[in-house]
Amino acid sequence: MISALDYKGLCKNKNNVGRPCRLLFVAHREEILMQSLNTFRAMLKDANFGELYNGNHMEIPEGIPDWVHGEWKSGGFV
């Protein structure tokens, strides 16, 4: 929740000139990523917020996403 609140506050205070704030949230377990993604979506009131990248979810959209929740394993990103 703290990360989502910090992100929301940062985006309000920053002059982004029509661009969204970018976010990279990294955790070592899928459960933490799913909880954080759901928390960000609830706090920001945006059901489509974020992309999940890990061993089970790797649908890469065109371009670079603005919001990524990625899983870190020893040896690098999954």
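**Aromatic cluster, nonpolar core and surface features**

Y7, F25, F40 and F49 form a single aromatic cluster in this predicted model. A search of the whole structure yields 4 aromatic pairs. In one of these, the ring centres of F25 and F40 are 6.0 Å apart and the ring planes meet at 70°; because planes over 60 degrees apart count as edge-to-face, the pair is assigned to that class. F25 belongs to strand β1 (residues 23-27) and F40 to helix α2 (residues 30-44), so the pair ties together parts that lie 15 residues apart in sequence. F25 and F40 are both buried.

The overall fold comprises 2 helices and 4 strands, arranged along the sequence in the pattern α-β-α-β-β-β. The protein has 78 residues, of which 28% count as buried. Among contacts between residues at least 6 apart in sequence, 50% join residues at least 24 apart.

The aromatic residues Y7, F25, F40 and F49 also appear in the largest nonpolar core, which has 12 residues. The other members of this core are A4, C21, L23, A27, L33, L37, M43 and L52. Helix α1 (2-13), strand β1 and helix α2 each supply at least two residues of the core, and α2 gives the most, with 4 residues. In soluble globular proteins, nonpolar side chains tend to be buried together. M43, one of the core residues, touches M1, A4, L5 and K8 when residues up to four places away in sequence are not counted.

At the surface, the protein exposes about 5600 Å², and carbon and sulfur atoms supply 54% of this area. A nonpolar surface patch is formed by L24, V26 and W72, which together have about 300 Å² of accessible area. W72 is located in strand β3 (residues 67-73). The relative accessibility of W72 is 42%, so this residue counts as partly exposed.

A backbone feature is found at K45, which is situated in the loop between α2 and β2 (51-53). Most residues other than glycine have a negative phi. K45 is not a glycine, yet its phi is positive, at about 55°. With a relative accessibility of 73%, K45 lies over the 50% cut-off and therefore counts as exposed.

Technical notes. Residues are numbered from 1 along each chain as its sequence is written. This is a predicted model: local features need pLDDT of at least 70, side-chain atom pairs count only at pLDDT 80 or more; totals for chains, interfaces and linings use all residues. Side-chain values use heavy atoms; hydrogens and water are left out. Rings of Phe, Tyr and Trp (its six-membered ring) pair if their centres lie within 6.5 Å; planes under 30 degrees apart count as stacked, over 60 as edge-to-face and the rest as tilted. Buried means under 20% relative accessible area, exposed over 50%, partly exposed in between (1.4 Å probe, protein chains only). Patches are made of residues with over 30% relative accessible area and no salt bridge: like charges are joined within 9 Å, nonpolar side chains (Val, Leu, Ile, Met, Phe, Trp, Tyr) within 5 Å. Accessible areas come from the Shrake-Rupley method with a 1.4 Å probe; for residues, only the protein chains shown count as cover. A salt bridge is a side-chain nitrogen of Lys or Arg within 4 Å of a carboxyl oxygen of Asp or Glu. A nonpolar core is a set of buried Ala, Val, Leu, Ile, Met, Phe, Trp, Tyr and Cys residues joined through side-chain atoms within 4.5 Å. Contact means heavy atoms within 4.5 Å.
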